[in-house]
Amino acid sequence: MSTTDRRSFSKKGADIRRQELIDATFRCLCQLGVFDTSVRTIAAEAGVSLGMVRHYFNSKDELLAATYRDMSERLQKQTQEILAVTPPDPLSQLVAFINAGLQPPLLDRNYVRIRFLFFELTHTNDVVRRVHEEIYSRFEKQLLSLVRAVARQHGSRANCAMITRTITAYLKGIWAEWTLSSDAFEPRELLAELMPYWLQQLAPEAVHQPRNAAPRLARGKSKPSALPT
C-alpha cells in the first residue's frame, strides 16, 4: 500500500475504517479459512498496517466477533426491508420472516459457508460463542413473537416454543443443504414442503390450500419471501 493510500485510509471516519476491516476479515475467511486468517493477513487484505488494525481491534477474536455480528446485522436489515413491504397481518409477517434469509443477496454461498464456520467456532471460541448466543437469542425472540401472534389471532393452542425451535433448526438445515449441494435448487421450494405443517398447527382454518400453494404466502407484496439474525 502506498503512503498516499495509507493517508487516504487514515482520513476516513472511524465507522468506515472499522467496516473496511470487517469486510477484509470476511474475505480472508472465505479465501484462507479461520486458522490461516490472522491479524497480519487481514491487515494485508485491507491494505493497512498492523498498528492501524490494532487501533480498532485488539485481537483476531475481536475481528471475528465483529464480522459475525456484521453478518447478522445484514440479515436483520434484509429481513426488515422484506417485512416492511409485506401485509401487516401476523400470518403474512411470519411467513415473510421465515423466508427472508433464503433469498439474495444474502443467499450467497460464501455468506452461508462463513456462517457455518462461525457455528463450528462456537465450540472452541468463547468470544464467538457469546456473539452467537446474542444473535440467536434475538432471532428466536423475534420468531417466537410472530409465532405467538399467529397462534393468538387464530385461537391455536400449539406449542409455540417448539414450533419456533423446529423452524430455526429447519432453516439451518436448508442453508446446509443448499451450500453443499451441486445442483442449484430453490431453497424456498424446500421450505414450502414443511411450511404447511407449521401453519396448520398455528392457523388451521386459514390453511385450506394444497401444499404446493404455500410459496404464495411467502411472497406477499415483495417477491421475497430466517435466519439467523
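**Helix packing and cysteines in a predicted model**

User: Which residues of α6 are buried in this predicted model?

Analyst: In this predicted model, the buried residues of α6 are P90, L91, S92, Q93, L94, V95, A96, F97, I98 and N99.

User: What makes α6 count as mostly covered?

Analyst: A residue is called buried when its relative accessible area is under 20%, and 10 of the 10 residues of α6 are buried, so the helix is described as mostly covered.

User: Why are α6 and α8 called roughly antiparallel?

Analyst: Helix α6 (residues 90-99) and helix α8 (residues 126-153) pack at an angle of about 150°, with their axes 8 Å apart. Since angles over 145 degrees count as roughly antiparallel, the two helices are therefore placed in that class. The crossing of α6 and α8 is left-handed.

User: Which residues bring α6 and α8 together, and of what class are they?

Analyst: On the α6 side the contact involves P90, L91, Q93, L94, F97 and I98, which meet F139, Q142, L143, L146, V147, A149, V150 and Q153 in α8. By class, this contact has 11 nonpolar, 3 polar and no charged residues.

User: Why are α8 and α9 called oblique to each other?

Analyst: Helix α8 and helix α9 (residues 160-180) pack at an angle of about 125°, with their axes 9 Å apart. Angles of 65 to 115 degrees count as roughly perpendicular and those over 145 as roughly antiparallel; an angle of about 125° belongs to neither class, and the pair is therefore oblique. The crossing of α8 and α9 is right-handed. The contact is made by Y136, F139, E140, L143, L144, V147, R148 and A151 of α8, together with C160, A161, I163, T164, I167, T168, L171 and K172 of α9. By class, the contact of α8 with α9 has 11 nonpolar, 2 polar and 3 charged residues.

User: How do you know that C28 is in no disulfide?

Analyst: A search of the whole structure finds 0 disulfides. For C28, the nearest cysteine sulfur is that of C30, 9.3 Å away, whereas a disulfide needs a pair of cysteine sulfur atoms within 2.5 Å, so C28 does not qualify.

User: What makes C28 and C160 count as buried?

Analyst: The cut-off for buried is under 20% relative accessible area. C28, at 2% relative accessibility, therefore counts as buried, and C160, with a relative accessible area of 12%, is buried too.

Terms used: Residues numbered from 1 in each chain as written. Predicted model: local features only at pLDDT ≥ 70, side-chain atom pairs only at ≥ 80, totals over all residues. Heavy atoms only, no water. Axes fitted to C-alpha atoms, helices over the stretch in contact; angles between N-to-C directions. Helix = DSSP H or I, 4+ residues; strand = E, 2+ residues; numbered from the N terminus. Parallel < 35°, antiparallel > 145°, perpendicular 65-115°, else oblique. Left-handed = near helix turned anticlockwise from the far one by under 90°. Contact = heavy atoms within 4.5 Å. Nonpolar A, V, L, I, M, F, W, Y, C, P; charged D, E, K, R; others polar. Buried < 20%, exposed > 50% of the residue type's maximum accessible area, 1.4 Å probe, protein only.
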